[in-house]
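Thanks for asking me to look this one over. My notes are below, point by point, so you can follow along with the model on screen.

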Amino acid sequence: MKNFQNKWIWITLVTAFLLRLPGVFDGLPAVFNSTEYFLAKTALSMAARMSPDPQVYIYPAFYYYFLVMVYGIYYLLGSLAGAFADAYDFAVQFLVSPSPFYFIARILNTLVSVATVYLLYRKLRKPLGENSTLIAAAGAGLCTMFIQYSGFATADTWLVFFSTLAALFIFSAIHSHKITDVFWAAGFAGLAIGVKYNAGFWGGAVLVAAWQLSNPEKRINNALLALAAVLAGFIVSNPLWLVMPAKFIDGYLLIADQMRSAASDERGINYLWEIFTLLKTEWLLGGAFLAASGYMLYRKPKKYLPLHVVLWFTFLYVGSWQKKGLDYLLPVFPVLIIFLAAGYGMMKSRAKTMLLYGTLILALLNGVWHGARSINTDTREQATEWIIQNGNPREPICYDNYHYDLGIFDIDRFTNYGEGAAVLPPEVKRRLSAFSDDPRNFSMVSILYETEVKTVNGENRYSRQAARYRRKTLRQLQEEGVVWLITNGRYYSAFEDLQLEEYPPEVQTHIRDVQLFRSALHASFQPKIVFEPDWLIPGPRIAVYRIGR
């Protein structure tokens, strides 16, 4: 308990947990982050097939394996408690009542996020002192991006966890000159890359650290050992890379093409968008991160060169993407926090210290605000309640969004016509039929149809994928009997005011389809009801149209 003698670390950890807790329940049983469903579905498929092969390769495999383990334990305990008579019951629960699957993964991610806060406190005490270390813990505990992403059943929290360990061991090596700390950092860097590829520059950081902190005659040898440790960490979390590297490389190239080619509701001038979004998201804490990073680059460019390498190269790479998202910079947030704490230790002015304390207080208020918004009913949840109360299960619905984030489902999609219907066991389909009268069961019509285009000339893998599907027109939806059309304003905003020449031809086609559809809709119909977000109500603008009889 000696590491917890300071009451402020207890307060920081408890506060960090409480700020993250509302996000654990956010939206359930629906999920607002499409990656949550994708990862859970893939992991359960692996378990059902009893195969280590995820069959999708756009992400490294670490988090799939983690979810397979977690869901395996959940199934075992549920079976012992009588919640599942067999594996078929388990599958049915995921399809119609998936809340426990997401809740378990989210609460574990929340605990990992709080553990990250403690790691910063524990590992920085010796080189920086108690007060600076508490600043680091407070910065991590109150960081809005950490709070938000610990509430998703995605790999991002583990990405931050391993990136933090890599950063801490590099920081320790810089102060202790122990080359073994560099090798530990290299192993954790490999694990971070094995969680998500955007951690890749951590590999460069440990190579720089190994070279910089070694005696001249041992530089090459230690750099090679560090590289071996990175590869070992990566392979431990992704053993299939040794068996089928070509598939994972192709998956990586697909996701890289998407980052450069996809339309997004978040867009702006490269690099400036990232800076202003950091300030908008984190308030003054974002400004403190930027100021500390600039200050450390000015004052200690050589001493902290490995950390500068991963920070600035990641920023330059991610900032060049067409598809914007502050979460793509999560691997370097630990560096921002460490620089904040180190910069605080160099402060001589009491006024600057008080300014930093005020910044942390505002960050706390920001976290409380985000927590309050998570507790309130999201616009998508409001729309779900309205549809259940006012819709007719026999009146088909089309939800115009890239992801089903409403709390309704379509049993026929599971059993008859959906992509997974062909692989679901007959017994699962039979048990699903018992939910045909569930008030959440509606006939859902997809906005997309598959084309006959199987190949597209060119090297852009995302363009090839985009060419496989086209959007239906408003008339086509009406001809298919769609009565209710639900639109997601955030999805539409991704296609507003775009310069078509900046995108590949196949993506241009999709953009035009969305824009023409939206124009036709607004020219022909007025929404029956609209659910608007505000400063306390989260979510996109959801509009419900009656387009059929």
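The points below cover a cavity, a pocket, a strand with its partners, some salt bridges and one loop residue.

1. Before anything else, please keep in mind that this is a predicted model. The values quoted here are computed from that model.

2. Let me start with enclosed space. The structure holds 1 cavity of 30 Å³ or more, and about 60 Å³ of space lies in this largest cavity. Helix H5 (99-128), helix H7 (144-150) and helix H8 (156-176) each give two or more residues to its lining. H7 has the largest share, with 4 residues. The lining is made up of Ser113, Thr116, Met145, Phe146, Tyr149, Ser150, Thr157, Val160 and Leu330. By type, these divide into 5 nonpolar and 4 polar residues, with no charged ones.

3. The second largest pocket holds about 520 Å³ of space. It has 16 lining residues, and those nearest the centre are Trp8, Thr12, Leu134, Ala138 and Leu360. Helix H1 (7-25), helix H6 (130-142) and helix H17 (350-375) are the elements that give two or more residues to this lining. The most come from H6, which supplies 6. If you plan to look at its chemistry, note that the lining has 12 nonpolar residues, 4 polar and no charged.

4. Next, have a look at strand E6 (residues 542-546). Because 4 of its 5 residues are buried, the strand is largely enclosed by the rest of the structure. E6 runs antiparallel to strand E4 (residues 484-488), to which it is joined by 5 bridges. Strand E5 (residues 529-531) also pairs with E6 in the antiparallel sense, over 3 bridges. Ile542 is a good place to see both pairings: this E6 residue is the bridge partner of Asn488 and also of Phe531.

5. What does Arg546 form with Glu395? The two make a salt bridge, with their closest N and O atoms 3.4 Å apart. Arg546 belongs to strand E6 and Glu395 to the loop between helix H18 (379-390) and strand E1 (397-400), so the pair ties together parts that are 151 residues apart in sequence. Glu395 has a relative accessible area of 17%, so it counts as buried, while Arg546 is partly exposed at 33%.

6. A search of the whole structure finds 19 salt bridges, and a few others deserve a glance. Arg541 and Glu532 meet through their side chains at 2.9 Å, N to O. Both are partly exposed: Arg541 has 35% relative accessibility and Glu532 has 45%. Elsewhere, Asp86, Asp89, Glu427, Arg430 and Arg431 are joined into one network by salt bridges that share partners. There is also a salt bridge between Arg440 and Asp438, at 3.0 Å from N to O; Asp438 counts as buried, with 16% relative accessibility.

7. Finally, is Val445 buried or exposed? At 11% relative accessibility, Val445 is buried, although it lies in a loop, the one between helix H20 (426-432) and strand E2 (448-450). Beyond its neighbours within four places in sequence, Val445 is in contact with Pro396, Ile397, Cys398, Tyr399, Tyr404, Lys472, Leu477, Glu480 and Val482. For a sense of scale, the C-alpha atoms of Val445 and Ala186 are separated by 49 Å, and the two residues are 259 apart along the chain.

Methods
Residues numbered from 1 in each chain as written. Predicted model: local features only at pLDDT ≥ 70, side-chain atom pairs only at ≥ 80, totals over all residues. Heavy atoms only, no water. 1 Å grid on protein atoms, 1.4 Å probe; cavity = no way out; pocket = protein on both sides within 12 Å on 5 of 7 lines; lining within 4 Å. Points joined across faces, edges and corners; volume = space filled by probe spheres on them. Nonpolar A, V, L, I, M, F, W, Y, C, P; charged D, E, K, R; others polar. Buried < 20%, exposed > 50% of the residue type's maximum accessible area, 1.4 Å probe, protein only. Contact = heavy atoms within 4.5 Å. Pairing = 2+ DSSP bridges. Salt bridge = Lys/Arg side-chain N within 4 Å of Asp/Glu carboxyl O.
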